[in-house]
Each structure stands twice: as structure tokens, then as C-alpha cells.
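Welcome! Here is a short tour of two pockets and a sheet, for someone meeting this structure for the first time.

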Amino acid sequence: MIDKIKKARQDKLEGKLNCIPFNLPRLGSIVPGIVKGSLDCITANSSVGKTTLAKKLYVYDAIEFAIKHDLNYKLIYFGLEESEEEFDFGLFSYLVHKTLNIRSNINDFQSFVEPYPQEHLDTIEKSNVQELFNQYKSYITFYDYIYNSYGIYKTVRDYARSIGTFYNNDVALSPQDFIDTNPPYTHFKPNNPNQFTSVIIDHVSELIPQKGETNLKAAIDNLVRYMRLYVTKMFNFNALCIQQQDSSQESVDNKKENYMEPKLQGLGDSKTTGRAYMNVFGLYNPIRYGVNTYEGYNTNKLDKYFRVMNIIKQRYGSVGEKVPLYFDGKVSDIRILPPANDAANLDKVYKKINSL
């Protein structure tokens, strides 16, 4: 154990990576980031921005970190709710805003309301956004047609087999062993121990129960079990499940008691998954429930651009922390807000919001 601790410290001193830090200042002092072998969850009520937050932290920022540090990074994304084309438009929107400060999303790009401005199109076409888009997508394998728990597990397992070797005790299993059977294996060794792999399932309530699963809860429980016992524990990948809060969380009684923030026991369709998750991050939108002030913030001024990220569960750290966010969901522009008593910097945020 001492040797392992020394090695981890030395690796850090030498600039080697033991996690992908979240690119939100101050959050890193609470949560390390995307950690190998960790099963994480982002939860919120419907239409609060779960997927947007997941993409910001686990997709866009992670890929930017991988590019900057030449990290061998792979993201396997199961889009149970959105198609790959919708995902691509979201990524393109993020890059257009990040590179050119143009706020456009899928509605604009597909000219649903009115023709997309030619000057924007000319600017984008002359920029390097398309090249950046291709670079980001090279890190991602996207599946929008796999809806069952075993299918997701098998897809990840087959990918693991392509980058390493499975063993049954001391016996290496060959690719042939996996063709028609599901052989028992005791451990897995990657060819490159420095490779970093993440798996995202968005979101678990869209699973379709398979044979032997009597309902949606059984499907979700099986998926989370696969993610914990094999994908994170054995393969040492990071996995993120996006899971809605139960609709009862928005009941009249909860609204009266002002108890609308996401919580572990509020996980929708299966509450038992909370036992397996190592980190659970809740996202809360106070203005949605008519909350005029929150922890010193004027939610009326922040309007729809305000969210709070709650650290609901953290296996190796503190819980109960709340991180206030500036949240522009249209282009995935998410930042830590200044403290509530920092009037000067908050005024800059208000001016930015007014300009939008």
C-alpha cells in the first residue's frame, strides 16, 4: 500500500494523470473530477439540464483536457434519448459559441423558425469549427440504437476486449472464446494502462426491459450492476448514468415545503441504484418553483441562467456542498458564479444575461 501511495504521488509530480479534473474553478476542491473506476450519476427533475451538464463535464471539457495533455481518451456514449444527429448539433453549437461567440442551436441550424443568417454561416464556414468538430468526434463512439442493459454491457465489454486481454485466473482468453459464449473471467488487463475510457448512458429510464427483466426497474438495476461490477470495478473505466428524479418530487406537498432539490431517495424508476453510485450530482433550478432568492442569490435577475449543482453523494469526499452555476443551456456555457456577496462581479453576470 505504501508503494502504491508513493507511485500515485510521484506520477502526479511528474505530470501523469490519475483523473480528468472538472474544468470548473472551485469545484475541483470538492470533487476530483472524472476518476477511473468510478460510477457516477447526474440527476435532476425533467428539463433542468442533466444532459447539458453531463456533456459539459464528461464530454466537452474532458476531450479538451485530453487534447491539451495528449491523453489517450475514449468516450463511449449511449444516447437512449437523443439521436446521434441531435448530439452532433449540440456539439457543433458548443464549438460555434466557444470559437466564434455565436449563440445558435439545433433550432437555428435547421432553420425551423427562419433562415439561418448568411453572415453567421459565412463566418462559421471560414473558421476552424468543422475541423474542431471532427477532432472532438474522433474521441467519441456514439450508439443511439442499443436500449437493453446486456446490450450496453456487451458493447463496452467488446470494446475492452479490443484494447486489452481478459483472464480466467492465469489463463488468457482468446477472442474466439467470446464468439458464442460468455466465458467467466476474473480480471482484465489493458494493453495501455494509461488509456482513459468513459461510458455515458443518457438516460437510464429510456431502457427497454429485456428477457428476464419484468419491468423498467429491473432493467435499470441490471444496467447499474453491470456498470459497477464489470465496467468500473473490473475494466477500470469511468461510467456516468443520467437518471431523472421521480416525478413525485415535484408534488404539491414538496412545493409547499420548498423541498424541491434533488436527493438520493428521489431517484426515479429505481431508488436502489443510489447504493451503487459512487458520486451523485444533483442539478436544481430554483426559478422553476418561484424561489426568488437562493443562498443569497437574486434568482429573478439570474432568471433561467441559474442552476445549483448539489453534491448529493461522494464516496471519498464531503457531501452537502452546493455549487452555484451560470447555466446557458442553449450553447452549454456553464461556469461557477461569483459568491453571492460579490456584488461587482455578479453585476457583470447580470449585464451579460441582459445582453442575451
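## The largest pocket

In this predicted model, the lining of the largest pocket is made up of twelve nonpolar, seven polar and seven charged residues. The space inside comes to about 830 Å³. Among the 26 residues that line this pocket, K7, L17, K36, P193 and N194 are the closest to its centre.

Which elements supply at least two residues each to this lining? They are α1 (2-13), β8 (187-190) and β9 (196-202). The largest share comes from α1, which gives five residues.

## The second largest pocket

Next comes the second largest pocket, with about 650 Å³ of space. Its lining also has a count to go with it: 26 residues, of which T51, T52, K55, E82 and G329 lie nearest the centre. Two or more residues of this lining come from α2 (50-68), and two or more from α3 (84-100).

By class, you will find seven nonpolar, ten polar and nine charged residues around the second largest pocket.

## A sheet and its helix

Strand β8, which we met in the lining of the largest pocket, also belongs to an open sheet of three strands. The order is β7-β6-β8, with antiparallel pairing. Because β7 (171-172) and β8 are at the edges and each has a single partner strand, one side of each is left without a neighbour in the sheet.

Four bridges join β6 (residues 164-168) and β8 in the antiparallel sense. Y167 has H187 in β8 as its bridge partner. Helix α7 (residues 149-163) packs on the sheet, where it touches β6 and β8. The direction of α7 makes about 105° with that of β6.

Definitions and conventions. Residues numbered from 1 in each chain as written. Predicted model: local features only at pLDDT ≥ 70, side-chain atom pairs only at ≥ 80, totals over all residues. Heavy atoms only, no water. 1 Å grid on protein atoms, 1.4 Å probe; cavity = no way out; pocket = protein on both sides within 12 Å on 5 of 7 lines; lining within 4 Å. Points joined across faces, edges and corners; volume = space filled by probe spheres on them. Nonpolar A, V, L, I, M, F, W, Y, C, P; charged D, E, K, R; others polar. Pairing = 2+ DSSP bridges. Contact = heavy atoms within 4.5 Å. Axes fitted to C-alpha atoms, helices over the stretch in contact; angles between N-to-C directions.
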